[in-house]
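Hi,

Here is the structure I said I would pass on. Have a look at it first, and my notes follow underneath.

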Protein chains: 2
Amino acid sequence: MGTPAARTAPGSVGTVDTQFMDLSEPVQLDCGRQLHPVRIAYETYGTLSLARDNVILVCHALSGDAHAAGLSSKPPVASTRDGFAAEDRDRSSSQGLGWWDGMIGPGKAFDTERFFVISTNLLGGCGGTTGPSSVDPATGQPYGSNFPVISVADMVRTQRAFLGQLGVDRLAAVAGGSLGGMQAFEWAILYPDRVDAIVAIASTHALQPQGVAWNAIARNAITGDPAWQGGHYYGTGRKPDAGMGVARMVGHMTYLSAKSLGDKFDRRLQFAEDVRYTLTEPEFEIENYLRRQADTFVRRFDANTYLYTSRALTYFDLARQYGNGRLADALQNVSARTLLIAFSSDWLYPPAGSEELADALRSLGKPVECRVIDAPYGHDCFLLEEARQTPMIRDFLSRQGI
Amino acid sequence: MGTPAARTAPGSVGTVDTQFMDLSEPVQLDCGRQLHPVRIAYETYGTLSLARDNVILVCHALSGDAHAAGLSSKPPVASTRDGFAAEDRDRSSSQGLGWWDGMIGPGKAFDTERFFVISTNLLGGCGGTTGPSSVDPATGQPYGSNFPVISVADMVRTQRAFLGQLGVDRLAAVAGGSLGGMQAFEWAILYPDRVDAIVAIASTHALQPQGVAWNAIARNAITGDPAWQGGHYYGTGRKPDAGMGVARMVGHMTYLSAKSLGDKFDRRLQFAEDVRYTLTEPEFEIENYLRRQADTFVRRFDANTYLYTSRALTYFDLARQYGNGRLADALQNVSARTLLIAFSSDWLYPPAGSEELADALRSLGKPVECRVIDAPYGHDCFLLEEARQTPMIRDFLSRQGI
């Protein structure tokens, strides 16, 4: 529940409830299937203006959920914050803080004294929105791998349907990091008349081949675990924790830079005296750290959601989807102002991807800012370098005409 | 068996047999245990001089074996060559070529018209040398995870015992890439009076923390596979192919650079028309490539050997082992001339490691050359950039006083 001190911390949105809404219409998916019913888990921070023109949608990354800011009203099970430092994550977990709490609140980057911020758990998620662990009405059993394969565009169409039902027809901004940034681009392309600005951080128009490969390896680790059972592990008393743990370790490594790992762990051993010549025990601190990351993750996250979301983010490719292979063609209809932020040490979503996007938008005469922050923590910078992102985002949003 | 054309190819050592020798004495290991009996699988290329002063020992990397050059006299099961391009590997496999055939032979970097080249399968291996798949005389069953945990120094002590029994007391050079280079350093430190020169390619004095982590993840993938059965899978009809496949994919990715993956695969799809919205099928060419790599590897390599060898190479740390944390102190007794070759795009064994070694040797007044080759293929460069390494190595060895 959080301590009173934490609850009244300056800049906090306070204690928040996750809310739920059932969509009245089926969602039409890229794969050709329809999904119905669809429930959306969401949170809101700040106050909707009378003109309903101050809404910012924030979109989470691969392993997030709707709890983006403030203290959860529910006792925290484990953190949803994906930052680097274990200490940070543990602290966040113990207080039930949202994954982007440093960026959303009074006076923060996404200033809740000015904006009404909405955060949803994405389609296919395991944080309350309909996903593979939800019950398939056709069978009365959880979907498992019968859940339709979804795209980032599907996630965004679902958000649009949800917002429409909520009475929000226009967004002052869509913002997110990593996969969250991909959703922002989809918004700008699918609904150019409904989005005034997008903020895409540590993101790209298409995951580079190395990222496609790391994601494929993580998925193979899950599907190769016999406890995955072809995706139908719900209710069996077994789930693919071993494979999911390896998937998380792989993913986690790709979020960190060699330098940040070196600075934090070096080659320090767990036991001061020397190596112990064991085959399976962690002997290096970094081995132990990775195992703890894996153990925490498998307790809080559904393996099928990981598979579906990973698949969607590797499919995502604006040039292929909308431009016949040409990025600039894909962006022709964008009317939103665009802020791109990238990090020098991010080798999973390297700055080159943001720069390509910026070049393509500029070639079309679209308003775009691309900022590359020199920081050493890899992809995780997007959750760690809040102090340097904040003025960039505040400045960008302050030029909004509301 | 190779075609006649291949057998008579210029620069080939021709058809070779793997030979075997049983050590007469037990090997004393760093973990405190002794190992006996120990069998060594080895091959030789060239002719031993009367003075027995022209011997070069080549040491293989994580997944290699004794078959370093020429055509195997046995029908090839699968390649031992760890190069990048699938085409190369397939060609190598179909002809049974050794993993360093481009570097060993008449007129090549390790010139068999001048040197007598010896290649052994390392201790713990699965290519004929005693390892975890060998029978434990105490039980009559394969060791499995009862095999002692070994170090790179143990591998080198075993090589020394083998060479002594072969009648070779002095080496003109020890050479290897990656883990093979680590063995060369151990030779120079453990037996300074017996080694005239070392050639360490794409290697280091201690794996950097990111490399320690990737190795830990690969081992976790294997030991987390229930088919591993605590290491006692021999004879059960099941083996940890799924976990081993993931381990191989992880390892393989760390050998390649983002650029080489991009150049080779980009984001090309398997099927020309579009994505097919499948959860588990490979849809990108790179996904298919990784699965083929995994499938080939699990057929030819023992999972326990992978675990033990990976453990040894993460333990390896010259400063910790021999210098109380100071690299220069560890290298004090080295008398061998040293050639270090590193590759600009190798992020697993970055050039900085070779440069640290060179600086430490120079600070002690030891003869050392450090060459950094600008090449885009990552760690795999050591097997691919043969043309540029050859003159460096030939020139270095030509200054040998024999």
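**What I found**

Let me start with Y277(B), which sits in the loop between α7 (258-265) and α8 (285-300) of chain B. Before going further: this is a predicted model, so please read everything below in that light.

The reason I picked out Y277(B) is its backbone: phi is near 55°, a positive value in a residue that is not a glycine. With a relative accessible area of 22%, Y277(B) comes out as partly exposed. Q229(B) belongs in the same paragraph, as another non-glycine residue with a positive phi, about 55°. You'll find Q229(B) in the loop between α5 and α6 of chain B. Its relative accessibility is 26%, so Q229(B) counts as partly exposed.

While we're on the backbone, have a look at the cis peptide bonds. In chain A, the bond from H36(A) to P37(A) is cis, with omega near -5°. P37(A) is in the loop between β4 (34-35) and β5 (39-45) of that chain. In chain B, the bond from H36(B) to P37(B) is cis, with omega near -5°, and P37(B) is in the loop between β4 (34-35) and β5 of chain B.

Now for the helix packing, starting with the two helices on either side of the Q229(B) loop. How do α5 and α6 of chain B pack? Helix α5 (residues 209-223) and helix α6 (residues 241-255) of chain B meet at an angle of about 165°, and their axes are 7 Å apart. An angle over 145 degrees counts as roughly antiparallel, and that is why α5(B) is roughly antiparallel to α6(B). The crossing of α5(B) past α6(B) is right-handed. On the α5(B) side the contact is made by W214(B), I217(B), A218(B), A221(B) and I222(B). On the α6(B) side it is made by G243(B), M244(B), V246(B), A247(B), V250(B) and T254(B). Sorted by class, the residues of this α5(B)-α6(B) contact are nine nonpolar and two polar, with no charged ones.

And in chain A? There, helix α5 (residues 209-223) and helix α6 (residues 241-255) pack at about 165°, with 7 Å between their axes. α5(A) and α6(A) are therefore roughly antiparallel to each other, and α5(A) passes α6(A) in a right-handed crossing. From α5(A), the contact takes in W214(A), I217(A), A218(A), A221(A) and I222(A). From α6(A), it takes in G243(A), M244(A), V246(A), A247(A), V250(A) and T254(A). The contact of α5(A) with α6(A) has nine nonpolar residues, two polar and no charged.

On to the aromatics. The structure holds 28 aromatic pairs over all chains, and I'd open two of them up in the viewer. One is Y42(B) with F162(B): the ring centres are 4.7 Å apart and the planes are at 55°, so this pair is tilted. Y42(B) lies in strand β5 (residues 39-45) of chain B and F162(B) in helix α3 (residues 152-166) of chain B, so the pair ties together parts that are 120 residues apart in sequence. Both Y42(B) and F162(B) are buried.

The other is F147(B) with Y308(B). Here the ring centres are 5.5 Å apart and the planes are at 90°, so the pair is edge-to-face. This pair also links distant parts of the chain, 161 residues apart: F147(B) is in the loop between β10 (116-120) and α3 of chain B, and Y308(B) is in helix α9 (residues 303-315) of chain B. F147(B) and Y308(B) are both buried. Over in chain A, there is a cluster to look at too, where ring pairs link W99(A), W100(A), F110(A) and F382(A).

Last stop: A188(A), in helix α4 (residues 179-190) of chain A. Buried or exposed? At 1% relative accessibility, A188(A) counts as buried. Setting aside its neighbours within four places in sequence, A188(A) is in contact with V195(A), I198(A), V334(A) and A336(A). By contrast, A188(A) and G224(A) are 36 residues apart in sequence and 37 Å apart in space, C-alpha to C-alpha.

Over to you!

Key
Residues are numbered from 1 along each chain as its sequence is written. Chains are lettered from A and ligands numbered from 1 in the order in which they are written. This is a predicted model: local features need pLDDT of at least 70, side-chain atom pairs count only at pLDDT 80 or more; totals for chains, interfaces and linings use all residues. Side-chain values use heavy atoms; hydrogens and water are left out. Axes are lines fitted to C-alpha atoms, for helices over the stretch in contact, and angles run from 0 to 180 degrees between N-to-C directions. Helices (H or I, at least four residues) and strands (E, at least two) are DSSP runs, numbered from the N terminus. Angles under 35 degrees count as roughly parallel, over 145 as roughly antiparallel, 65 to 115 as roughly perpendicular and the rest as oblique. A crossing is left-handed if the near helix is turned anticlockwise from the far one by less than a right angle, and right-handed if clockwise. Contact means heavy atoms within 4.5 Å. Ala, Val, Leu, Ile, Met, Phe, Trp, Tyr, Cys and Pro count as nonpolar, Asp, Glu, Lys and Arg as charged, and the others, Gly among them, as polar. Rings of Phe, Tyr and Trp (its six-membered ring) pair if their centres lie within 6.5 Å; planes under 30 degrees apart count as stacked, over 60 as edge-to-face and the rest as tilted. Buried means under 20% relative accessible area, exposed over 50%, partly exposed in between (1.4 Å probe, protein chains only).
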